Amino acid sequence: MPFNATITGLGAYVPERRLTNADLERMVDTSDEWIVTRTGIRERRIADPAEGTSHLAKRAAREAIAQAGIEPEELDLIIVATSTPDLTFPPTAALVQGGLGAKRAAAFDLNAVCSGFLQAYVTAAQFIQTGAYRHVLVIGAETLSRIVDYEDRSTCILFGDGAGAAVLSRTSEDVGLIDFVLHADGTRAGLVYCPSPTSPEATLKSIGGIAKPTIRQDGRAVFKFAVNGMSESVLTLLERNGLRSEDVRLLVPHQANLRIMTAVAERVGVPVERTANCIAEYGNTSAATIPLALHKWFHTEGLQKGDLVVFTAFASGFLWGAALLRWGM
Ligand code: UT7
């Protein structure tokens with residue numbers, strides 16, 4: 001690889017409004033005790049009606065750009081990972097590019113649902129490693145509250161809104177993305193899905209879905225695949241890079257359920273004390289969970305240059321995978 005691609009800036013933004021477990025107790029037949037025990041979630045953030053995914057994304061992006069010490073005009077590419085774009089088109093990345101004044105940057109959205117940030121991060125690194133680009137902004141941003149059915153207690157307790165961003169920059173130092181695995185199994189599309197208002201009946205039939213444009217899932221089935229998929233991805237990366245779990249300074253798993261995160265940490269042998277966690281305060285923010293959890297860890301626990309970090313995610317699709325990187329800040 002001619003160049004390495006390392007994270008030089010992180011940013012995070014969540015809306016002001018909190019939706020607590022006590023609020024949900026007044027909306028559906030649930031309890032704080034059930035939610036905390038089964039998921040680890042205590043509250044989530046909900047976007048203001050005037051706030052779209054692009055607004056959240058821009059707030060997170062500005063912080064990441066400032067930390068990277070560059071101007072928006074220096075960005076070569078912006079990738080927004082989201083499954084809740086402001087519009088069907090243009091892509092949210094174009095709205096972000098225009099809003100930031102990133103005049104030279106190309107822009108596209110990437111929809112890989114809860115593995116969106118992982119896939120966008122790996123994609124961004126390819127552009128840098130080949131020498132094509134110097135600075136790429138990657139954002140995971142969602143307004144999931146717009147596609148949640150607040151009458152369905154099995155899903156409405158899980159999801160929230162938020163955005164996390166990272167600037168990846170070219171470096172000749174021995175830091176940045178080392179290796180990754182990405183997988184897909186589209187035969188299981190019906191296990192967690194969200195139709196659009198225009199979804200064809202034939203597609204819905206093929207996945208055993210219904211037309212209502214809100215998130216639906218078979219939580220119990222997804223749970224098992226999520227634990228297996230993320231654990232196996234991380235173990236593959238460790239094995240083929242000659243690493244032991246003790247070598248991993250930080251595991252950053254997708255934040256869908258604290259029980260899933262704990263099970264993954266146990267299986268791969270990384271103690272929960274070295275596992276990034278922001279699920280209690282934000283719930284599942286899909287593409288935003290990994291950068292939000294990483295941002296929180298970086299600003300509370302800290303990371304040293306040279307630390308080995310692993311991202312892992314599992315998503316509707318199914319899509320799953322992991323990335324191994326050497327911290328460079
Ligand atoms: O982001 C990627 C995709 N999504 C995921 O990774 C989610 C993976 N799955 C999960 O996180 C968990 O399966 C859930 C949190 C969704 C559900 O937890 P669970 O421990 O698997 O519960 P369950 O679905 O097996 O339901 C157990 C019981 C059921 O009642 P019965 O049939 O035992 O009487 C549910 O009706 O809990 C009931 N239940 C609730 N009770 C109180 C379901 N939701 C609630 C609720 N409050 N909110």
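**View 1. Two domains in one chain.** Domain bounds come from an automatic or database domain assignment. Here that assignment splits the protein chain into domain 1 (4-172) and domain 2 (177-326). Their centres, taken over C-alpha atoms, lie 15 Å apart. Please keep in mind that this is a predicted model, where local features need pLDDT of at least 70, side-chain atom pairs count only at pLDDT 80 or more, and totals for chains, interfaces and linings use all residues. Residues are numbered from 1 along each chain as its sequence is written, and side-chain values use heavy atoms, with hydrogens and water left out.

**View 2. Where the domains meet.** Look for 51 residues of domain 1 in contact (heavy atoms within 4.5 Å) with 42 residues of domain 2. Together the two domains bury about 3,700 Å², with 65% of it on carbon and sulfur atoms. Buried area is the accessible area (1.4 Å probe) that two parts lose on being put together, summed over both. Leu10, Cys114 and Leu118 supply 17% of the area that domain 1 buries against domain 2, more than any other three residues.

**View 3. A salt bridge across the boundary.** Between domain 1 and domain 2 there is one salt bridge (a side-chain nitrogen of Lys or Arg within 4 Å of a carboxyl oxygen of Asp or Glu). Find Asp149 and Lys212, which form a salt bridge with their closest N and O atoms 2.9 Å apart.
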